[in-house]
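Reader: Please take a close look at the cavities in this model. After that, tell me how the residues elsewhere are packed.

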Amino acid sequence: MKELFDNVSNGCSKLVTKKYSTSFSLAVNMLSPKIRTDIYNIYGFVRFADEIVDTFHDYDKEELMAHFEKDYYIAKAQGISLNPILNSFQQTVNKYKIPDAMVEAFLRSMKADLHKTEYQTKEEYDAYIYGSADVVGLMCLKVFVNGDDAKFNELKDAAMRLGSAFQKVNFLRDLKDDFELLNRSYFPNIDLGKLDPASKQLIIDEIEEDFNYAFKHGILKLPVEAKFGVYMAYRYYRRLLKKLNSVPSEKIMDTRIRISDPMKINLLARSYVKYKLNLI
């Protein structure tokens, strides 16, 4: 009956993904059915860790995170957990031999959010993004290449750059909540209280460089099982960035940028046409 329990656990991770991110769910649904479950499992794990540090304000976050981390390592060692999110994630970790170092880097960045509110140097900023986003891209790449180490090494830099781009777009989109509600400032040497056009443009240019590198050196070379789903996520985030770029710097703290459902469908349709015409 372990198989039934594992199926239920996988279903929980899929439900978490669908409830927390309709956009990411749409992209995952464009992946091959052979790899969707494992990407849901990765998302469920990183989402729950993120929820601990970002939203559970009425609880002891450090204690919750400590239990979450400890329970994960027990699950990985034993091959089972009664926490369905951890049970599904450890399946994927063990199946694709995702290194402990990736999970440790991710948890380290999440734990930093418990107490660190400002990133004053580029080194601190890069280390946080590596743990919070780059390694998530690397975990997903482990699934996409299915044990092909040569392919993984070829694409890993692009996967990290794409993860970085996604995270930086999230930072820019969520400036108001991060700065005013969570008292966090991720961008080094930038006064978010009075963001000026030049500083905003520096952030936009940095994200564009990440996107361009990731597309040319990564997305175009992905296995067919993953290419369209990743391309769909890329198109969605580039559209978000385009909308953020159009908002004046002095207004960005007061604006919550979203992509409407009709626009998501439009992006999907146009992306699919490009994919079928072998334009990506």
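Author: A helix here is a DSSP run of H or I covering at least four residues, and the helices are numbered from the N terminus. The model itself is predicted.

Start with the count: there are two cavities of 30 Å³ or more. The largest of them has a volume of about 50 Å³. Three helices each contribute at least two residues to its lining: helix H2 (22-28), helix H11 (224-246) and helix H12 (261-276). The residues that line this largest cavity are Ser23, Leu26, Ala27, Met232, Ala233, Tyr236, Lys264 and Leu267. Sorted by class, this lining has six nonpolar residues, one polar and one charged. Ser23 is counted as polar and Lys264 as charged.

The second largest cavity has a volume of about 30 Å³. Its lining consists of Phe171, Leu175, Asp178, Arg184, Ser185, Tyr186, Phe187 and Leu192. Here the classes come to five nonpolar, one polar and two charged residues. The two charged ones are Asp178 and Arg184. A search of this kind works because rolling a probe the size of a water molecule over the atoms shows where empty space is left.

From the empty space, turn to the packing. The largest nonpolar core has 85 residues, and the ones with the most contacts inside it are Phe45, Phe106, Phe144 and Phe211. Helix H7 (residues 122-145) gives the most to this core, supplying 13 residues. In soluble globular proteins, nonpolar side chains tend to be buried together.

Take Phe106 as a sample of the core. With neighbours within four places in sequence left aside, Phe106 is in contact with Phe45, Val46, Ala49, Gly131, Ser132, Val135, Val136 and Met139. Phe45, another of the core residues with the most contacts, is thus found in the contact list of Phe106.

Ala105 belongs to helix H6. Ala105 counts as buried because its relative accessible area is 3%, and the cut-off is under 20%. The C-alpha atoms of Ala105 and Gly131 are 4.6 Å apart, although 26 residues separate the two along the chain. Beyond four places in sequence, Ala105 touches Tyr130, Gly131 and Val135. Gly131 and Val135 also appear among the contacts of Phe106.

A polar residue can be buried too. Asn87 is in helix H5 (residues 84-96), and Asn87 counts as buried because its relative accessibility is 0%. The side chain of Asn87 makes a polar contact with the side chain of Asp6, at 2.9 Å. Asp6 is also one of the residues that Asn87 touches when those up to four places away are not counted; the others are Lys2, Phe5, Ser9, Gly79, Ile80 and Ser81.

Next come the loops. Lys97 lies in the loop between H5 and helix H6 (100-112). Lys97 is not a glycine, yet its phi is positive, at about 55°. Lys97 is classed as exposed because its relative accessible area is 66%, and exposed means over 50%. Asn146, in the loop between H7 and helix H8 (149-173), also has a positive phi without being a glycine, with a value near 50°. Asn146 counts as exposed, at 57% relative accessibility.

A loop residue may be buried instead. Val247 lies in the loop between H11 and H12, and its relative accessible area of 9% makes Val247 buried. Val247 and Ile257 are ten residues apart in sequence, and their C-alpha atoms are 9.1 Å apart in space. Ile257 is in contact with Val247, as are Lys200, Ile252 and Thr255, with neighbours within four places in sequence left aside.

Finally, consider Lys151 in helix H8. At 22% relative accessibility, Lys151 is partly exposed. Lys151 lies 70 residues from Lys221 in sequence, and the C-alpha to C-alpha separation of the pair is 9.1 Å. Residues up to four places away aside, Lys151 touches Val145 and Lys221.

Technical notes
Residues numbered from 1 in each chain as written. Predicted model: local features only at pLDDT ≥ 70, side-chain atom pairs only at ≥ 80, totals over all residues. Heavy atoms only, no water. 1 Å grid on protein atoms, 1.4 Å probe; cavity = no way out; pocket = protein on both sides within 12 Å on 5 of 7 lines; lining within 4 Å. Points joined across faces, edges and corners; volume = space filled by probe spheres on them. Core = buried A, V, L, I, M, F, W, Y, C linked by side-chain atoms within 4.5 Å. Buried < 20%, exposed > 50% of the residue type's maximum accessible area, 1.4 Å probe, protein only. Contact = heavy atoms within 4.5 Å. Polar contact = N/O pair within 3.5 Å; in protein donor to acceptor, adjacent residues only side chain to side chain.
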